[in-house]
Amino acid sequence: MATFDSLVASEAIVKVEIQLGRKQSPKRLLFATPSFVNWLSERVSKDEPSSLGAVLRPVEQLDFLFYTFVSGKPLIHCRQFRAIRVERNAVWELKTVDFRIFGWFAMRDCFVAVFGDWADHVKDHDLYRGYRLEVRRLRRTLGVDDALCVEGVNPEDVISV
């Protein structure tokens, strides 16, 4: 079975660096698969407008969500993050108005992003189940066992307040 360090060493997951204030230090960790990093880079380079009429552009929404997460600021359960389904080793979703990001908590305060998609596309095509199954499949492929997945589905199980 894989360890967290071995996943990082093999670059199966990479740390996502978020710019914090000069006197701030990260309170939570954000990692991602290389394919998620590619998806994110594409979003940043295109800087698309909000398909749902949000004030912030989608890339600004992601920046705000990631900053909020990594800086340790409170996240609103169900509005900014939630477990897709109540189950052992749940797949979680980080949310903005325009985007849904699917992944898992490898440990408390450490999210691994696997897939990102437009919120309206996910909702219109009811893709939650498919993304949940794909995250679980990827974890099996990477050799991620129960020790690298937070078992709880309550907000306080996965993030410090």
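**Close-up 1. Buried residues of helix α3 in the predicted model.** Pro58, Val59, Gln61, Leu62, Leu65, Phe66, Thr68, Phe69, Val70 and Ser71 are the buried residues of α3 in this predicted model. They make up 10 of the 14 residues of the helix, which is mostly covered. The cover over these buried residues includes the strands β2 (29–32), β4 (92–95), β5 (99–107) and β6 (110–118), together with the helix α2 (34–46). In an α-helix, residues three or four places apart point the same way, because there are 3.6 residues a turn.

**Close-up 2. Length and end of α3.** The helix spans residues 58–71. From first C-alpha to last, α3 reaches 20 Å, close to the 20 Å expected at 1.5 Å a residue. Gly72 follows the helix, with a positive phi near 85 degrees.

**Close-up 3. The six-stranded sheet.** The strands are arranged in the order β1-β2-β6-β5-β4-β3, forming an open sheet with mixed pairing. The edges are taken by β1 and β3 (81–83), each of which has a single partner strand, so one side of each is left without a neighbour in the sheet. Strands β3 and β4 run antiparallel and are joined by three bridges. Arg82 has Glu93 in β4 as its bridge partner.

**Close-up 4. Helix α2 on the sheet.** Helix α2 lies across four strands, β1, β2, β5 and β6. Its direction makes an angle of about 50 degrees with β6. Helix α2 is also among the elements that cover the buried residues of α3.

**Close-up 5. The salt bridge between Asp109 and Arg28.** The model contains 13 salt bridges. In one of them, the side chains of Asp109 and Arg28 meet at 3.6 Å, N to O. The pair links distant parts of the chain, 81 residues apart. Asp109 belongs to the loop between β5 and β6, whereas Arg28 belongs to the loop between β1 (14–15) and β2. Asp109 is buried, at 13% relative accessible area, and Arg28 is buried too, at 2%.

**Close-up 6. Salt bridges of Arg43 and Arg57.** The side chains of Arg43 and Glu48 form a salt bridge of 2.9 Å, N to O. Arg43 is buried, with 7% relative accessibility, and Glu48 is buried, with 15%. Both residues belong to a network of salt bridges that links Glu42, Arg43, Lys46 and Glu48. A salt bridge of 2.9 Å, N to O, also joins the side chains of Arg57 and Asp47. Arg57 and Asp47 both lie in the loop between α2 and α3, so their salt bridge ties together parts that are 10 residues apart in sequence. Arg57 is partly exposed, at 35% relative accessible area, and Asp47 is partly exposed, at 31%.

**Close-up 7. Cysteines without disulfides.** No disulfides are found in the whole structure. The closest cysteine sulfur to that of Cys110 is in Cys149, at 11 Å, which is too far for a bond; the cut-off for a disulfide is 2.5 Å. Cys110 is buried, with 1% relative accessibility. Cys78 is partly exposed, with 44% relative accessibility.

Key: Residues are numbered from 1 along each chain as its sequence is written. This is a predicted model: local features need pLDDT of at least 70, side-chain atom pairs count only at pLDDT 80 or more; totals for chains, interfaces and linings use all residues. Side-chain values use heavy atoms; hydrogens and water are left out. Helices (H or I, at least four residues) and strands (E, at least two) are DSSP runs, numbered from the N terminus. The expected span of a helix is 1.5 Å times one less than its number of residues. Buried means under 20% relative accessible area, exposed over 50%, partly exposed in between (1.4 Å probe, protein chains only). Contact means heavy atoms within 4.5 Å. A salt bridge is a side-chain nitrogen of Lys or Arg within 4 Å of a carboxyl oxygen of Asp or Glu. Two strands pair if DSSP finds at least two bridges between them. Axes are lines fitted to C-alpha atoms, for helices over the stretch in contact, and angles run from 0 to 180 degrees between N-to-C directions.
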